[in-house]
Amino acid sequence: MIRFAILSFAAIALLSCLSFEASAKDPPRPNVIFVMADDMGWGQTGYRNHPVLKTPNLDSMANNGLRFERFYAGCCVCSPTRASVLTGRSPDRCGVLSHGYALRHQEKTIAQALKDAGYVTGHFGKWHLDGLRGPGAPILKDDPYSPGHFGFDEWLSVTNFFDLDPLMSRNGEFEQKKGDSSDIIVAEAIEFLKKHKDGGEPMFTVIWYGTPHSPFKALDDDKVPFGNLKVDSENHYGELAAMDRSIGTLRSALRELEIAHNTLLVFCSDNGGLPRIEPDTVGGLRGNKGTVYEGGLRVPAIIEWPSVIQPRITEYPACTMDLFPTVADILALPEDVFVQPLDGVSLKPLLNEEVGSRVRPIPFRFQKQAAWVDNDWKLVTTKRDQGAAFELYHLKSDPHEETNLAREKPEMLAKLKAGYKAWNEAVEASFAGKDYAEGRLNEADPEPHSWTEDPRYEPYLSEWENRWEFRPYIKRSKKK
């Protein structure tokens, strides 16, 4: 009996050692960086042969990673897409119906999930999930919808879009910055990475640009290649040139810090490109920002992860709702990190090889518009609450959505309509709070409004009226 006990103990010890040795050899959890442009169209990259814009750093990233030909923003405007990135859910489920709507406290975010999993988390740049409209102002320390309330340990952010020499907020303390906004927030993100890279915790970093959103204001040197364009277009493309430069700065820093190999770096835009900017922003697609046609939804996107991804181009339809499920799958996080149901799917299998058809269609609702992308097929309506007819497009053969096949393909039309209508009913239940543990909303959604009309910002208005980016908005609010 004694001999058996000794042998059993020895076996357990050996297994423990083997288990420890195996775990010691497991690859470290990747750092995760989400980078997002503000109003950058699908056609605005060098790798898509834009006629005037050169993007050597994005081109290099695309050549070294997984480049998406069909990647969709969660909505055709900014705040809803940001909600979809953080939650993996359609923004209407989260209460973020349009720009300037607040993300509900009952939602669960990727930042919260990764923080609980031992990551240190940082947010840099545009936020726009606190119910405030108007240009990007410093987020107040007591704002109950700040990045800090949704899982970010550190943040240097503003409420909305921002440009040259921005006034920003570091965890509630105001800081005046100098220079191009893209350079500024990338420099801050790099300092965050330097600070924490040797701390034993992996890092989750969100960089949300204010570029190339209006008002367009680029550095003089960045405008030089575009001097033959009209003023707005000249500044717009100058901002994008600066943003591309900052991408190069970020990627170089990852190599210098020796963390590039195991960093999952994602780049995309928050909605389609703008009208009235020349040359064209959407690569010839139909529609622009604010529409559910491809030009309003399809955006440039790249995922770079040198230790995992072999460079290639994919036609797989993916979206911003997929980002949280993908990271959760990579890290084997439990299902309870999400509020269910999800609208995104994990792209983890796609990182290694091409996969078959997408199992879950990509849904969109915005105001009276809706779209339903089911692999190569797309359903569109521009009057969803009025019983209007649906349009049907085959995107593989008709990427510009020129030929409505609703009459020619009645069976496919009926199939997609049934899927969309079932999803739409589920979203109505989600919007009412049925997805939450309480089965209802704990608090009313704040009414979207401009910070220039918010009593909390009143003490700053007289001083900020002299700032070029705030002046017209403050004067307009005084006239009301």
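A salt bridge is defined here as a side-chain nitrogen of Lys or Arg within 4 Å of a carboxyl oxygen of Asp or Glu. By this criterion, a search of the whole structure yields 35 salt bridges. The model is predicted, and local features therefore need pLDDT of at least 70 and side-chain atom pairs pLDDT 80 or more, whereas totals for chains, interfaces and linings use all residues. Residues are numbered from 1 along each chain as its sequence is written, and side-chain values use heavy atoms, with hydrogens and water left out.

One salt bridge joins the side chains of Arg170 and Glu188 at 3.0 Å, N to O. This pair links distant parts of the chain, with Arg170 in strand E6 (residues 167-170) and Glu188 in helix H5 (residues 181-196), 18 residues apart. Helices (H or I, at least four residues) and strands (E, at least two) are DSSP runs numbered from the N terminus. Arg170 is partly exposed at 30% relative accessibility, while Glu188 is buried at 14%; buried denotes under 20% relative accessible area, exposed over 50%, and partly exposed the range in between (1.4 Å probe, protein chains only).

A salt bridge is also formed between the side chains of Arg312 and Glu354 (2.8 Å, N to O). Arg312 belongs to strand E11 (residues 312-314) and Glu354 to the loop between helix H10 (348-352) and strand E13 (362-366), so the pair ties together parts that are 42 residues apart in sequence. Glu354 is partly exposed, with a relative accessible area of 42%. In addition, Asp38, Arg82, Lys126 and Asp270 are linked in a network of salt bridges.

Strand E15 (residues 377-381) is largely enclosed by the rest of the structure, because 5 of its 5 residues are buried. Trp377, Leu379 and Thr381 point one way from E15, and Lys378 and Val380 point the other way. Strand E14 (residues 369-374) pairs with E15 in the antiparallel sense over 5 bridges, pairing being assigned where DSSP finds at least two bridges between two strands. Asp374 has Trp377 of E15 as its bridge partner. E14 and E15 form a hairpin with 2 residues between them, and Asn375 in the turn has a positive phi of about 60°. E15 also pairs in the antiparallel sense with strand E16 (residues 391-394), over 4 bridges. In this pairing, Leu379 stands opposite Leu392 in E16.
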